[in-house]
Amino acid sequence: MNYLLHLITIVGIFSVLAISLDLLIGYCGLFSLCQAAVYGVGAYVSAILLNRYGCGFGVSWGAALIAGTFAGVTLSVLASRMRGDAFTLMTLAFQVMATGVAQNATSHTGGAYGITNVPGLPDHFLGRTGTYACVALVAVTLSIGLLWRIRSSQFGRSLRAIRDDELAAAGLGKPVFRMRMTAAGLSGAMAALAGAIYASYVGFIDSSSFGLAESFVILTMVVLGGPCSLRGPLVGAGAVLLIPELLRAVHVGNAAAANLQQITFGLLLIIAMYARPQGLFGAYRI
């Protein structure tokens, strides 16, 4: 039971991350490779305030949301001067820089040793895994609700218009810069919330959890599930995280198990992308 609740928690955290990145890719047309860095900003800010300064969860998670929003807005400001490949390379540079800061700012982040003993939520009634499973589900529900509200609003329709033809949207009077900045701020806040939940759930963080490989994992979830879709990020996160768990049921030699699981998962991704280039439920092809 605890293992099932653990899976629900992890899938919930990464579903929020996939939704946050989908807001950038699917609705704004901004191909970002640094979502894990924003995720890490939320985790580190929350962990530092909880562990080093003894702040409560309301203060630490609120500060994480503010820091994630600021990171997202910063990216949108840079995007105002960059488009396409240039923006993607800029986000890649931001990801590498953030990882470097986490590894070298040892007085704050703990460097390679990370931050240990991050306090967790009270678990009097449901137990630790049950409490965090509920928190993760609430975070997913709020994120999906926000995405649905954006999708069905004039704001969301304007974002998609800007994504498809920025010059035409600007000619119709759409405030391109302000709308992208708002969307990027919301995306950063969602990613930071996921980071804050992760930090207190695991109780330990270091830079390896928020590196470039993690950004590619989040991107895979969005692309596999399908950008600009309510179901896409959830299905993508579930598939990327649960399929490897299911492959563990295939009994092979211990030496070959991990490699065969990776090969099988890679083949499944290739088949899925060949059959559905826009993703399983995507409404927009990158």
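Below is a short chat about this predicted model.

Me: Hi! Which residues have the most contacts inside the largest nonpolar core?
Reply: Hello! Those are Phe14, Tyr39 and Ile205, in a core of 74 residues. Helix H1 (residues 2–28) gives the most to this core, with 14 residues.

Me: Nice. What does phenylalanine 14 touch?
Reply: Leaving out residues up to four places away in sequence, phenylalanine 14 touches Tyr39, Glu214, Ile218, Met221, Ala237 and Leu241.

Me: Switching topic: how many disulfides does the structure hold?
Reply: Zero.

Me: Why is there no bond for cysteine 34?
Reply: Because the closest cysteine sulfur, in cysteine 28, is 13 Å from the sulfur of cysteine 34, too far for a bond. The cut-off for a disulfide here is 2.5 Å between the sulfur atoms.

Me: And is cysteine 34 buried or exposed?
Reply: Cysteine 34 is buried, at a relative accessible area of 0%. Cysteine 134, on the other hand, counts as partly exposed at 38% relative accessibility.

Me: Got it. What about salt bridges, how many are there?
Reply: The count comes to two. One is between the side chains of aspartate 164 and arginine 163, at 3.0 Å from N to O. In the other, arginine 180 pairs with glutamate 166, and the closest N and O atoms are 3.1 Å apart.

Me: Which parts does that arginine 180 and glutamate 166 pair tie together?
Reply: Arginine 180 is in helix H9 (residues 176–202) and glutamate 166 is in helix H8 (residues 166–171), so the pair links parts that are 14 residues apart in sequence. Arginine 180 is buried, with 9% relative accessible area, while glutamate 166 counts as partly exposed at 24%.

Me: How about aspartate 164, buried or exposed?
Reply: Aspartate 164 is exposed, with a relative accessible area of 53%. Its partner arginine 163 counts as buried at 16% relative accessibility.

Me: Now the backbone. What is phi of asparagine 117?
Reply: Near 55°, which is a positive value in a residue other than glycine. Asparagine 117 sits in the loop between helix H5 (106–109) and helix H6 (127–151), and asparagine 117 is exposed, at 65% relative accessible area.

Me: And where is cysteine 228?
Reply: In the loop between helix H10 (212–225) and helix H11 (232–247). Cysteine 228 is not a glycine either, yet has a positive phi of about 60°. Cysteine 228 is buried, with a relative accessible area of 3%.

Me: Last one: which residues make the nonpolar surface patch?
Reply: Ile263, Leu267 and Ile270 make a patch of about 310 Å². Isoleucine 263 lies in helix H12 (residues 254–275).

Technical notes
Residues numbered from 1 in each chain as written. Predicted model: local features only at pLDDT ≥ 70, side-chain atom pairs only at ≥ 80, totals over all residues. Heavy atoms only, no water. Patch = residues over 30% accessible without salt bridge, like charges linked within 9 Å, V, L, I, M, F, W, Y side chains within 5 Å. Areas by Shrake-Rupley, 256 points an atom, 1.4 Å probe, with all protein chains shown as cover. Salt bridge = Lys/Arg side-chain N within 4 Å of Asp/Glu carboxyl O. Helix = DSSP H or I, 4+ residues; strand = E, 2+ residues; numbered from the N terminus. Buried < 20%, exposed > 50% of the residue type's maximum accessible area, 1.4 Å probe, protein only. Core = buried A, V, L, I, M, F, W, Y, C linked by side-chain atoms within 4.5 Å. Contact = heavy atoms within 4.5 Å.
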